Amino acid sequence: MSKALRHPSLLLLLAAVPMAACGGPELDDAARAEVVAVGDSAAMALIRTLGGRLGEHLAAGGPGAAIEFCSSEAQSLTDSVSAALGPGWEVKRTTTRTRNPRNAPDSLEAEALRYFQAAVDAMDEELPEHHVQVTPDGDYRYYRPLRMAEMCLQCHGPREGLDPAVRQVLDERYPADQATGYDRAEFRGLVRVTVPRTAVR
């Protein structure tokens, strides 16, 4: 059990947040463990794919190349990870402070974001390792939290400190951008993996 989940006040707080969506069945321990295992594997596949490509673009062309990659390729790479997993699977990044409108949370994702934000507000350091929901359709959603990595601050840090090429892309392509002003290791958002019920025994 993580340090955060051993903290008494956080245990009480998290106990008040439902682990299954309204109307969905509760998960038994074996099924939950399976959802966590396959969900985390899929989430890490996306994180490694995006992180590796982002690092390549930063090394080759600096922040300007990095934000070009994120704005033009990150969503298609996310879709390709979903497609590789098979029918019924979906991987998505979501946050309360969006840049790309496609990453805006739906109602279940908003509930998951509140779950993690409550932990941040209670502890200010630790985060639960994951969150699981059962959807009204009987599928599962696995969530893995994201913290702001050092290299990501080059496009998501305080706006006044961003490279001019980054600010230009934000002004041109994301005039409603909310995703700047982060500090290192700050809670950024979630990777959500939809696990079809047929994938869980």
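Here are some worked exercises on a predicted model of a protein chain.

**Exercise 1. Get your bearings: how many helices and strands does the protein chain have, and in what pattern do they follow each other along the sequence?**

Solution.
- Step 1: Count the elements. The secondary structure comes to seven helices and four strands.
- Step 2: Put them in order. Reading along the sequence gives α-α-α-α-β-α-β-β-α-α-β.
- Step 3: Add the overall picture. The protein chain has 201 residues, and 46% of them count as buried. Among contacts with a separation of 6 or more, 69% join residues 24 or more positions apart.

**Exercise 2. Describe how helix α3 packs with helix α7.**

Solution.
- Step 1: Recall what is needed. A pair of packed helices is described by the angle between the axes and the distance between them.
- Step 2: Find the two values. Helix α3 spans residues 29-72 and helix α7 spans residues 164-173; their axes are 8 Å apart and make an angle of about 25°.
- Step 3: Classify the angle. Angles under 35 degrees count as roughly parallel, so α3 and α7 are roughly parallel to each other.
- Step 4: List the residues that meet. From α3 come P63, G64, I67, E68 and S71, and from α7 come A165, V166, V169, L170 and R173.
- Step 5: Sort these residues by character. The contact of α3 with α7 divides into six nonpolar, two polar and two charged residues.

**Exercise 3. Work out why C70 and C155 do not form a disulfide.**

Solution.
- Step 1: Check the total. The structure holds zero disulfides.
- Step 2: Look at the distance. The closest cysteine sulfur to that of C70 is in C155, 6.0 Å away, and this is too far for a bond. A disulfide would need the two sulfur atoms within 2.5 Å.
- Step 3: Turn to the partner. Starting from C155, the nearest cysteine sulfur is that of C70, and C155 is in no disulfide.
- Step 4: Compare the surroundings. C70 counts as partly exposed, with 35% relative accessibility, whereas C155 counts as buried at 8%.

**Exercise 4. Find the aromatic pairs, and say how Y115 and F116 are arranged.**

Solution.
- Step 1: Search the whole structure. Two aromatic pairs turn up.
- Step 2: Examine Y115 and F116. Their ring centres are 5.2 Å apart, with 90° between the planes. Planes over 60 degrees apart count as edge-to-face, so this pair is edge-to-face.
- Step 3: See what the ring pairs build. They link Y115, F116 and F187 into a cluster.
- Step 4: Check accessibility. Y115 is buried at 5% relative accessibility, and F116 is buried at 0%.

**Exercise 5. Place V81 and E109 in the structure, and decide for each whether the residue is buried or exposed.**

Solution.
- Step 1: Begin with V81, which lies in helix α4, residues 74-85. Its relative accessible area is 11%; buried means under 20%, so V81 is buried.
- Step 2: Find its contacts. Apart from neighbours within four places in sequence, V81 touches A42, L46, T49 and V91. One of these, L46, is 35 residues from V81 in sequence, yet their C-alpha atoms are 6.4 Å apart in space.
- Step 3: Move on to E109, in helix α5, residues 107-123. With a relative accessible area of 0%, E109 is buried.
- Step 4: List the contacts of E109. Leaving aside neighbours within four places in sequence, they are K92, T94, A104, R141, Y143, L190 and R192.

Definitions and conventions
Residues are numbered from 1 along each chain as its sequence is written. This is a predicted model: local features need pLDDT of at least 70, side-chain atom pairs count only at pLDDT 80 or more; totals for chains, interfaces and linings use all residues. Side-chain values use heavy atoms; hydrogens and water are left out. Axes are lines fitted to C-alpha atoms, for helices over the stretch in contact, and angles run from 0 to 180 degrees between N-to-C directions. Helices (H or I, at least four residues) and strands (E, at least two) are DSSP runs, numbered from the N terminus. Angles under 35 degrees count as roughly parallel, over 145 as roughly antiparallel, 65 to 115 as roughly perpendicular and the rest as oblique. Contact means heavy atoms within 4.5 Å. Ala, Val, Leu, Ile, Met, Phe, Trp, Tyr, Cys and Pro count as nonpolar, Asp, Glu, Lys and Arg as charged, and the others, Gly among them, as polar. Buried means under 20% relative accessible area, exposed over 50%, partly exposed in between (1.4 Å probe, protein chains only). Rings of Phe, Tyr and Trp (its six-membered ring) pair if their centres lie within 6.5 Å; planes under 30 degrees apart count as stacked, over 60 as edge-to-face and the rest as tilted.
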